[in-house]
Amino acid sequence: MHSIVVEGLTKYYGDLCAVDHVSFTVDAGEVFGYLGPNGAGKTTTIRMLTGLTRPSEGRAWVAGYDILNETLEVKRRIGVVPEASNLYDELTVWENLEFISRLYHVPRAERHRRIRELLKLFDLWDRRDSRFRRLSRGLKRRAVLAAALINDPEILFLDEPTTGLDVVSARSLRGLVGRLREMGKTIFLTTHYIEEADQLCDRVAIIVRGRIRAIDTPENLKLRAGVKAILEVELSDRPPASLLERLRGLEVEGRQLRVHTDNPQEILRLLTGEIGRSGLRLLSLRSRSPTLEDAFIKLTGLSPEVMRREKGI
Ligand SMILES: Nc1ncnc2c1ncn2[C@@H]1O[C@H](COP(=O)(O)OP(=O)(O)O)[C@@H](O)[C@H]1O
Ligand SMILES: [Mg+2]
């Protein structure tokens, strides 16, 4: 069963095509990742799927309802965690959740039970009477996530849930995403962290400049890096020209070498021969399988630096 079906969804802002005819489906219970650098069109896609902005072209169904004509039915069945917090600074955590539960017409009898459950699940119970603005970034993000769950949605949209969080808060949030998945929620999440997509997502769409370049499981994407192994070598000095001539496609950074290869045995033999002749020493040698980052580079032609660029820097 598909929770989300997207066909040719497109958004123009003037001449800029922010989202360019994207198509994909998200299965019920799946964590689907939308991975791309800043400005790729991730937030715009979420805004269209959650009824906040109208597509220029294309169609989509969320929880079985048409996002164009059945927006209210869609909104009833989704929770959204936007990039910026949508809670009130001056209200307490409890008051914020109470306010949102009224907006969603959560039945009176259920309201407090639901809020209590969520605050406990998110480890916010002890902070229920703190004003929202007093919370740390990590706790704020958790409170926003709790608020997004108040109507017990089938589908959750998380827009860069861990951006701007410290390592510990980010890890705790990723843990919560795992818990929500176990609870059977369908999760559409955007991120510009390749590691995060790899860890959390059942399938990942790679989006660059509004276009989807690939959609697959992290494992299959890694296979598309196109090589079996990557050898990483550190020498006692810069490699001699003879070595660079013998090994085409060798990446050199100072004393470090990197070779992508389907035949690590053969490369090793060549390397050790050349290194022995040149009088250099081998300081370290490592063979690893391709990572999602290697696949990302191969599939997009972008440097991973592009992904590390945070918004506004
Ligand atoms: N309201 C808007 N008006 C004009 N351009 C916009 C608007 N929102 C986003 N954009 C542009 O659309 C592109 C995609 O933006 P966005 O969806 O926010 O990307 P991401 O979330 O992947 O960082 C960017 O070039 C951005 O500047
Ligand atoms: Mg964004």
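The exercises below work through rings, charges, a ligand and backbone angles in a predicted model.

Residues are numbered from 1 along each chain as written, and chains are lettered from A and ligands numbered from 1 in the order written. Local features need pLDDT of at least 70, side-chain atom pairs count only at pLDDT 80 or more, totals for chains, interfaces and linings use all residues, and side-chain values use heavy atoms, with hydrogens and water left out.

**Exercise 1. Classify the aromatic pair of Tyr-34 and Phe-188, and place both residues.**

Step 1. Take the rule. Rings of Phe, Tyr and Trp (its six-membered ring) pair if their centres lie within 6.5 Å; planes under 30 degrees apart are stacked, over 60 edge-to-face, and the rest tilted. By this rule the count comes to 8 aromatic pairs.

Step 2. Apply it. The centres of Tyr-34 and Phe-188 are 5.1 Å apart and the planes make 45°, so the pair is tilted.

Step 3. Place the residues. Helices (H or I, at least four residues) and strands (E, at least two) are DSSP runs, numbered from the N terminus. Tyr-34 lies in strand 3 (residues 31–35) and Phe-188 in strand 8 (residues 186–191), so the pair ties together parts 154 residues apart in sequence.

Step 4. Check burial. Buried means under 20% relative accessible area, exposed over 50%, partly exposed in between (1.4 Å probe, protein chains only). Tyr-34 is buried at 0%. Phe-188 is buried, also with 0%.

Step 5. Widen the view. Phe-24, Phe-32, Tyr-34, Phe-157 and Phe-188 form one aromatic cluster.

**Exercise 2. Find the charged side chains that sit over the rings of Trp-125 and Phe-132.**

Step 1. Set the test. NZ of Lys or CZ of Arg must be within 6 Å of the ring centre and within 35 degrees of the ring normal.

Step 2. Read off the partners. Arg-128 lies over the face of Trp-125, 4.0 Å from the ring centre. The charged end of Lys-140 sits over the ring of Phe-132, 5.6 Å from its centre.

**Exercise 3. Describe the surroundings of ligand 1.**

Step 1. Count the shell. A residue is near if one of its heavy atoms lies within 4 Å. Ligand 1 is surrounded by 12 residues, and the closest are Gly-39, Gly-41, Lys-42, Thr-43 and Thr-44.

Step 2. Sort them. The shell holds 5 nonpolar, 5 polar and 2 charged residues. Here Ala, Val, Leu, Ile, Met, Phe, Trp, Tyr, Cys and Pro count as nonpolar, Asp, Glu, Lys and Arg as charged, and the others, Gly among them, as polar.

Step 3. List oxygen distances. An oxygen atom of ligand 1 is 3.1 Å from a polar backbone atom of Ala-40. For a polar backbone atom of Lys-42, the distance is 2.8 Å. An N or O atom in the side chain of Thr-43 is 2.8 Å from an oxygen atom of the ligand.

Step 4. Find the elements. Strand 2 (16–27) and helix 1 (42–49) each give two or more residues to the shell. Helix 1 gives the most, with 3 residues.

**Exercise 4. Inspect phi at His-21 and Ala-63.**

Step 1. Recall the background. Most residues other than glycine have a negative phi.

Step 2. Take His-21. Its phi is near 50°, a positive value. His-21 is in strand 2 and is partly exposed at 39%.

Step 3. Take Ala-63. Its phi is near 55°, again positive. Ala-63 lies in the loop between strand 4 (57–62) and strand 5 (65–66) and is buried at 16%.

Terms used. A polar contact is a pair of N or O atoms within 3.5 Å; within protein, one must be able to donate a hydrogen and the other to accept it, and residues adjacent in sequence count only if both atoms are side-chain atoms.
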